[in-house]
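Me: Please take a close look at one part of this structure, the packing of helices against one another, and then place that part beside the other elements that can be described.

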Amino acid sequence: MLHGLWTPGSGLVLWHDPAGADVDAEKLPDPLGSIVRTGRFRHKAEVLVSGPYGPEKTQVKAHALAPEAAARVLLQELPRGAVAGDLRYLAHAARGVDRWVRAGRIVPEVRRDDGEWWVRWRLVGGQRQRAWLAELAVAMPAALKVAGSPSGLLDSLITELADPVTRSHLGPGLATLPPPIGTGPQEAGALGSRSHPLLTALLEAEPLEIGSHRLSAVLEDWRTSLTVDEPELVLRLKEPGSDEIEGDSPLWRLQVCLRTEGEAPEPVTLPGDPHMVRIAGEKLAAARLAYPRLRDLPADARSMDLFLPTEVVLDLVAHGAQALQSAGVRLLLPRAWRSTAPTLKLHVQSPAATETAVGLKGLVSFRWELALGDTVLSPAEMARLIQSKSDLVQIRGEWVQADHRMLAAAANYVAGRPDNSETSIGGLFGELAANPVAGVALDEITATGWAAELFDAGRDIEPVPDPVGLKAQLRPYQQRGLTWLATMSRLGCGAILADDMGLGKTIQVLALMVHERETRTAPVGPTLLVCPMSVVGNWQREAEKFAPDLRVLVHHGVGRRSGPELDAAVTDSDLVITTYALLARDVEELKRQDWQRVALDEAQHIKNAGTRQARAARLVPARHRLALTGTPVENRLEELRSILDFANPKLLGKASEFHARFAVPIEREQDENAVTRLRAITSPFVLRRVKTDPAVISDLPEKIEMTVRANLTVEQAALYQAVLDDMTAKLKDSKGMARKGAVLAALTRLKQVCNHPAHYLNDGSALLRRGHHRSGKLGLVEDILESVIADGERALLFTQFAEFGNLLAPFLAERFGAEVPFLHGGVSKQRRDDMVTRFQEEDGPPLMLLSLKAGGTGLNLTAANHVVHLDRWWNPAVENQATDRAFRIGQRRDVQVRKLVCVDTIEERVDDMLRGKSQLADLTVTSGESWITELNNDELRDLFALGSEAVGE
């Protein structure tokens with residue numbers, strides 16, 4: 001069988017069914033026969049064919065015809081038996097175009113194609129033509145819809161065929177062409193003169209030299225004026241009368257109206273003007289073709305109005321309106337009609353707050369409410385909704401469209417929880433986590449008493465003034481942070497201060513400690529502060545500078561105190577600072593102390609709940625727990641659960657429960673309902689502010705981020721390809737962990753190659769060869785730093801490879817004649833502190849190298865306003881932490897961040913992938929780079945492959 005497909009932009013496409021018998025081209029009449037015999041069928045088309053489980057898409061060889069040839073084929077008599085139904089349908093449509101042309105329903109139009117203006121014939125249009133197209137759309141075979149929507153396909157077909165079909169009727173007697181219908185005397189005179197360029201271009205199919213947008217608009221306005229007097233069909237949906245609502249299925253009136261240009265819709269009455277009744281009947285018949293559910297409905301004897309049951313009304317609004325609009329029919333809904341989703345509201349009541357900490361065990365009473373939009377439903381209304389089987393209900397005089405299954409489920413949920421139910425606040429959060437209503441969001445939580453302080457802390461509570469003993473002026477957002485921290489501490493609720501890096505979490509915690517010692521009559525116990533070793537010195541300096549009255553003890557080093565000596569030292573201290581490594585090692589010693597607070601700085605260090613550090617943090621008892629982090633979620637939502645489980649144990653349940661209730665629905669399914677519930681549970685305990693919010697800080701300069709690309713040298717390209725070949729060979733026979741190991745090893749080696757051949761080879765060779773760079777990336781770094789230093793500015797350079805830093809530091813020091821400190825994990829605490837202090841001095845070194853792990857958090861290095869990421873960790877949160885060593889409070893200049901990648905390598909491809917991710921997608925990227933190992937061999941080959949543009953000249 002010979003098939004046909006109409007593709008907008010390609011025209012008519014002929015193809016053979018690959019599973020059917022070959023078509024005997026000799027028996028096909030010309031012109032179709034000659035086309036099939038001589039056509040090369042080199043075109044590729046996607047079509048629907050019969051498969052074992054129904055229709056399925058496949059690609060076939062095809063032959064495309066220009067509109068002129070398509071018109072000749074479709075208007076000829078097609079033989080039965082050799083031509084499929086889809087091609088016959090297209091021929092039927094073409095014959096319809098031919099009938100419109102013979103009736104004179106054509107006008108010229110001016111179009112711009114291929115850089116020139118052309119005059120073409122087109123159909124006039126109008127209501128009758130739209131009705132014809134609606135009828136065609138309903139009858140369109142499914143096989144043709146693979147090329148696009150029915151309306152788009154038909155618009156393309158009649159637009160492309162109208163001109164060649166018209167020309168097929170003109171013949172040689174062009175000069176005697178009668179003017180199109182509706183043409184005025186002036187237009188007829190113009191068209192009657194063959195010397196006019198417009199007529200010449202139209203009849204001879206030549207470009208129009210005088211073409212313009214203005215001329216095109218004039219002809220379009222003229223065409224529109226030819227159909228302006230046709231009345232438009234308007235269907236107006238009317239609400240059921242009060243006497244029609246009592247039944248189980250009230251009937252809605254669909255009023256049939258006609259509207260002329262500039263007039264209000266007028267109902268069509270019976271008997272009435274025969275002409276208007278006839279027009280309305282024709283248009284209503286076309287509407288029924290476009291939307292068949294309007295057939296076989298009861299009608300009003302005194303008008304053409306129809307009566308619709310509720311289920312038809314719902315389908316009309318959901319689906320029919322669009323079908324009717326495509327057919328040129330307008331649908332008007334009642335003014336009181338609303339389409340909305342149900343929401344839940346929670347009201348929490350508790351006694352007034354006291355000085356006694358309540359924590360998650362504090363008792364509260366609560367009640368649920370169900371709302372539709374702004375309307376809170378009464379118990380009687382909810383009972384009616386539970387019984388309702390319709391998505392369309394009347395609430396207080398308004399008709400509301402909402403999913404009745406969700407409504408009934410939410411109403412049942414609220415009805416099953418009587419007012420003033422009593423539980424602990426922790427139990428209430430547990431209910432929020434464990435008992436969601438599918439599809440119904442928690443819209444609002446209001447509270448009274450101490451619960452109001454928990455839900456609104458730092459916003460509607462009287463602010464805490466700056467402590468007298470704090471030697472700093474808090475910014476407004478820091479003052480709000482102090483109020484929030486003080487409230488959470490007084491209530492005995494753990495907290496996460498998740499301010500962006502550089503917003504001053506340290507100063508807010510010091511202010512809290514000073515405030516407690518100035519306002520409480522009873523002695524306040526010490527705070528245990530746990531942080532990475534790289535920022536121990538920073539905490540010491542900040543405490544000495546801003547809170548000099550606090551007694552600070554650093555629990556660190558080989559000779560650190562233990563036993564009774566440690567007990568006595570802790571008792572005499574206000575702030576005890578230690579590291580995560582020592583917390584895990586000395587947890588038994590630290591468990592003995594009477595801590596007022598345990599605070600974790602850079603709390604993402606306990607993002608994995610099963611690590612020794614995370615377990616040790618949870619074991620140390622304290623009256624208040626506080627986590628400080630700029631990135632509460634780096635890779636996965638489970639990290640947030642781990643940090644919150646330290647601050648408020650069991651708040652989010654077990655890890656397996658959290659995974660099922662929140663992680664999977666949010667990360668994989670993007671479930672907004674789960675997002676809403678998680679936010680409702682966590683927001684009272686998490687304070688998050690970002691630097692880019694002008695309401696937080698208005699005087700922070702801009703951060704300008706850019707990806708800078710370097711070409712590989714010939715030496716780098718050869719090494720890169722050798723690593724790829726080695727990996728490909730290993731992947732052929734490896735599986736499981738061995739395969740993952742091979743991929744990660746290749747990934748590391750490729751990064752080393754992109755950095756520098758000497759980094760990959762580890763052979764002690766020089767970074768330059770005969771004065772020329774062996775690494776395109778290093779050459780680019782040198783150019784960047786030369787400009788930075790020439791402008792009198794300073795830069796931080798981050799790498800994840802300590803060995804690369806060891807190569808770079810002496811090279812850069814010699815190249816720029818300046819000290820280049822390198823801060824990495826092997827540097828002692830004293831040397832780190834000295835490096836940071838020296839760099840921040842006015843005459844400090846212009847450059848500082850840092851390893852991403854050791855120098856990426858906790859440091860204040862605002863003397864630099866340039867950040868260069870030499871190689872990529874491919875975790876945006878980790879890289880942003882490193883960048884924020886310079887982009888933080890105290891920075892007065894715009895910060896320029898350059899992320900270096902090599903062209904047409906894995907570095908550039910992964911960078912493109914990361915920059916294309918949404919915020920939610922970022923949460924689902926698995927930790928570090930292990931996600932790459934999950935790709936199959938073909939995907940790995942495409943990702944790792946060396947492109948043709950990689951090597952520079």
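Reply: Contact here means heavy atoms within 4.5 Å. The model is predicted, and it is on this basis that the packing of helix α3 on helix α5 is described.

By that criterion, α3 contributes Y89, L90, A93, A94, V97, D98, V101 and R102, which meet L154, L157, I158, L161, A162, V165, T166 and H169 of α5. The residues of this contact divide into 12 nonpolar, 2 polar and 2 charged. Helix α3 spans residues 85-102 and helix α5 residues 150-170; their axes come within 9 Å and cross at roughly 55 degrees. Angles of 65 to 115 degrees would count as roughly perpendicular and those under 35 degrees as roughly parallel, so α3 is oblique to α5. The crossing in which α3 passes α5 is right-handed.

A second helix pair can be set beside this one. Helix α28 (residues 776-790) packs with helix α29 (residues 802-816) at an angle of about 45 degrees, and their axes are 12 Å apart. These two helices are therefore oblique to each other, and their crossing is right-handed. On the α28 side the contact is made by L778, E782, L785, E786 and I789, and on the α29 side by L808, F811, L812, R815 and F816. Here the division is 7 nonpolar, no polar and 3 charged residues.

Helices also pack on a sheet. An open sheet of 7 strands, with parallel pairing, runs in the order β22-β23-β21-β24-β25-β20-β26. Its edges are β22 (552-554) and β26 (686-687); each has a single partner strand, so one side of each is left without a neighbour in the sheet. At one of these edges, β22 pairs with β23 (residues 575-579) in the parallel sense over 3 bridges, and V554 has I577 of β23 as its bridge partner. Helix α15 (residues 476-491) packs on this sheet, touching β20 (495-497), β24 (595-601), β25 (622-628) and β26, and its direction makes about 165 degrees with that of β20. Helix α22 (residues 637-647) lies across β20, β24 and β25, and runs at about 155 degrees to β25.

Finally, a word on confidence. The protein chain has a mean pLDDT of 82, with 88% of its residues at 70 or more. Over residues 173-194 the pLDDT is below 50, and this stretch has 28 contacts in the model beyond near neighbours in sequence. Residues 916-928 likewise have pLDDT below 50, with 22 such contacts. Where pLDDT is low, the predicted coordinates should not be read in detail.

How values were computed:
Residues are numbered from 1 along each chain as its sequence is written. This is a predicted model: local features need pLDDT of at least 70, side-chain atom pairs count only at pLDDT 80 or more; totals for chains, interfaces and linings use all residues. Side-chain values use heavy atoms; hydrogens and water are left out. pLDDT is the predictor's confidence in each residue, from 0 to 100. Axes are lines fitted to C-alpha atoms, for helices over the stretch in contact, and angles run from 0 to 180 degrees between N-to-C directions. Helices (H or I, at least four residues) and strands (E, at least two) are DSSP runs, numbered from the N terminus. Angles under 35 degrees count as roughly parallel, over 145 as roughly antiparallel, 65 to 115 as roughly perpendicular and the rest as oblique. A crossing is left-handed if the near helix is turned anticlockwise from the far one by less than a right angle, and right-handed if clockwise. Ala, Val, Leu, Ile, Met, Phe, Trp, Tyr, Cys and Pro count as nonpolar, Asp, Glu, Lys and Arg as charged, and the others, Gly among them, as polar. Two strands pair if DSSP finds at least two bridges between them.
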